[in-house]
Amino acid sequence: MINRAFIKLALLCALSVCMITARRLEPVVYDIEQTEFAQQLQHAIKMRDDLSATTNKQQPPQASTPCSSLSSRWLKSIIADVSEEDLTTFFDNHLHVLPFVYKLHVAPRQYDQEYFGLDGEYTQEITSVHNQAQEFWSDSGVQDEIYLLSAHGSDLADRHDKLVPTLELLFRNTYDSDYTVYDHAADIQELITRLPGGYNFPLLTFNAFATDEMDDEEDDSSIIIGDGYFQFQQALGMDSEGPEYAHAHEFSHHLQFLLGVSDTQSGIAQVAKKSELLADAFSAYFLAHDQGGNMVSDEISNVHSVAFSLGDCVKSSAGHHGTPIQRRCATVWGAELADDREDMDKIDLFEFQNRFDTWYETVDDLSDSCQHLHSAAASRSYRILSFQVMTLLIGGFSVLL
């Protein structure tokens with residue numbers, strides 16, 4: 001995301017097709033691969049490749065960095081036991097996209113049968129917060145019906161009814177009698193059996209995003225969350241408020257659709273970061289507001305931690321979505337706005353955005369405590385000066401006495 005994924009086709013058809021283990025198959029490319037989690041995954045792969053390339057080289061000492069991404073560390077741990085060959089094949093064939101393409105473009109619409117988590121353990125939680133969000137933002141003009149969808153790696157185990165139609169959609173007319181779509185499906189399933197966890201391998205479904213257009217026949221707006229996201233939150237011990245945050249964040253992108261906020265404008269790095277931080281702020285505002293999620297302080301503190309876990313440190317990337325500190329501070333700002341006794345009623349979306357824009361102007365100047373560094377420095381200087389004045393006064397009184 002957690003990032004807007006306007007699902008569209010970009011036709012990049014392959015000129016020839018060979019065995020999956022021999023040469024890359026060029027599929028239709030989806031904007032899914034530009035979403036937040038997909039880009040974090042790409043960064044983690046690059047970091048592993050960079051580390052592998054320098055393993056046998058003597059490296060000069062590196063200065064420590066204050067930025068540390070929990071999601072990147074988790075991703076690297078997940079792929080540590082996957083061979084280079086299998087990992088290359090995994091991404092060359094876009095296995096991390098297949099479950100989402102299936103659910104969005106192939107699966108029949110059966111919204112009442114959606115379940116969240118490998119065993120449906122988060123279904124009630126996601127459904128409840130979804131109903132709360134629909135009610136809370138109902139006066140904003142956001143879509144009356146935003147549907148919930150889930151992505152499961154297990155769908156790829158059904159070769160005939162699910163995997164093959166998905167591959168036909170993605171790879172279109174690239175198959176022939178020498179290498180059929182069924183051959184491709186068999187090779188993909190064989191690869192998945194070699195992955196840790198098989199069809200429950202987290203990277204198959206490590207994503208969550210919002211859509212405001214499905215396809216030519218179905219115009220339903222949606223929020224889709226993959227099992228891999230929940231597995232990530234479980235691994236970090238953050239699955240108490242993690243599901244609510246994920247949903248609220250993606251719902252916030254629907255508010256951005258309404259505002260006309262887009263992360264495909266010029267200056268994509270800043271726009272992508274700004275839209276993600278605005279979604280963080282919206283989500284925390286809703287979750288903390290007594291008319292919304294009505295979370296207590298400990299729960300909101302967990303939301304701050306979840307947001308922190310999703311920050312990335314690749315500031316030079318066009319897909320940078322904010323550092324861990326910036327992600328956390330955006331939720332702190334949003335929650336504090338909900339707690340402002342002078343704003344008991346819900347704030348208008350445009351007013352919210354205006355206030356956020358002011359806060360965002362100095363977002364690169366935030367301390368760990370979410371204070372702006374120059375303000376924190378001024379506050380420290382004031383405290384030091386006050387202490388010195390008090391010392392002088394006390395000293396003066398002592399002399400008089």
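# Exercises on helices, strands and packing

Seven of the nine residues of helix 8 (residues 227-235) are buried, and this helix is thus mostly covered. Buried stands for under 20% relative accessible area, exposed for over 50%, and partly exposed for values in between (1.4 Å probe, protein chains only). Helices (H or I, at least four residues) and strands (E, at least two) are DSSP runs, numbered from the N terminus.

The structure is a predicted model, in which local features need pLDDT of at least 70 and side-chain atom pairs count only at pLDDT 80 or more, while totals for chains, interfaces and linings use all residues. Residues are numbered from 1 along each chain as its sequence is written, and side-chain values use heavy atoms, with hydrogens and water left out.

## Exercise 1. Helix 8 in detail

Task: Identify the buried residues of helix 8, and state the sign of phi at Gly237.

Solution. Step 1: the buried residues are Asp227, Gly228, Tyr229, Phe230, Gln231, Phe232 and Gln233. Step 2: Gly237 follows helix 8, and its phi is positive, near 70°.

## Exercise 2. Confidence and overall content

Task: Determine where in the protein confidence is lowest and where it is highest.

Solution. Step 1: pLDDT is the predictor's confidence in each residue, from 0 to 100. The protein has a mean pLDDT of 79, and 71% of its residues reach 70 or more. Step 2: the lowest confidence belongs to strand 1 (residues 9-10), with a mean of 31, and the highest to helix 7 (residues 181-194), at 97. Step 3: residues 1-30 have pLDDT below 50, yet this stretch has 102 contacts in the model beyond near neighbours in sequence; contact means heavy atoms within 4.5 Å. Over residues 58-64 pLDDT also stays under 50, and there the model has one contact beyond four places in sequence. Step 4: the protein has 14 helices and five strands, and 51% of its 401 residues are buried. Of the contacts with a separation of 6 or more, 76% are between residues 24 or more positions apart.

## Exercise 3. The open sheet

Task: Derive the strand order of the open sheet of three strands, and name the edge strands.

Solution. Step 1: two strands pair if DSSP finds at least two bridges between them. Strand 3 and strand 5 (residues 221-226) are parallel and share six bridges. Leu148 has Ile223 as its bridge partner in strand 5, Leu149 stands opposite Ile224, and Ala151 stands opposite Gly226. Step 2: strand 4 and strand 5 run antiparallel and are joined by four bridges; Ala210 has Ile223 of strand 5 as its bridge partner. Step 3: the order is therefore 3-5-4, with mixed pairing in this open sheet of three strands. Strand 3 (146-151) and strand 4 (208-211) are the edge strands, each pairing on one side only. From one strand to the next, the twist averages 20°.

## Exercise 4. Surroundings of the strands

Task: Explain why strand 3 and strand 5 are described as largely enclosed, and locate helix 5 relative to them.

Solution. Step 1: strand 3 is largely enclosed by the rest of the structure because five of its six residues are buried. Step 2: in strand 5 six of the six residues are buried, so this strand is also largely enclosed. Ser221, Ile223 and Ile225 point one way, whereas Ser222, Ile224 and Gly226 point the other way, and all are buried. Step 3: helix 5 lies across strand 3 and strand 5 and runs at about 155° to strand 3. Axes are lines fitted to C-alpha atoms, for helices over the stretch in contact, and angles run from 0 to 180 degrees between N-to-C directions. Step 4: Ser128 belongs to helix 5 (residues 123-136) and is partly exposed, at a relative accessible area of 37%. Its C-alpha atom is separated by 9.7 Å from that of Gly293, 165 residues apart along the chain.

## Exercise 5. Helix 4 against helix 6

Task: Classify the crossing of helix 4 and helix 6.

Solution. Step 1: the axes of helix 4 (residues 98-106) and helix 6 (residues 159-171) come within 9 Å and cross at roughly 90°. Step 2: helix 4 is therefore roughly perpendicular to helix 6, since angles under 35 degrees count as roughly parallel, over 145 as roughly antiparallel, 65 to 115 as roughly perpendicular and the rest as oblique. Step 3: helix 4 contributes Leu98, Val101, Tyr102, His105 and Val106 to the contact, and helix 6 contributes Lys162, Leu163, Pro165, Thr166, Leu167, Leu169 and Leu170.
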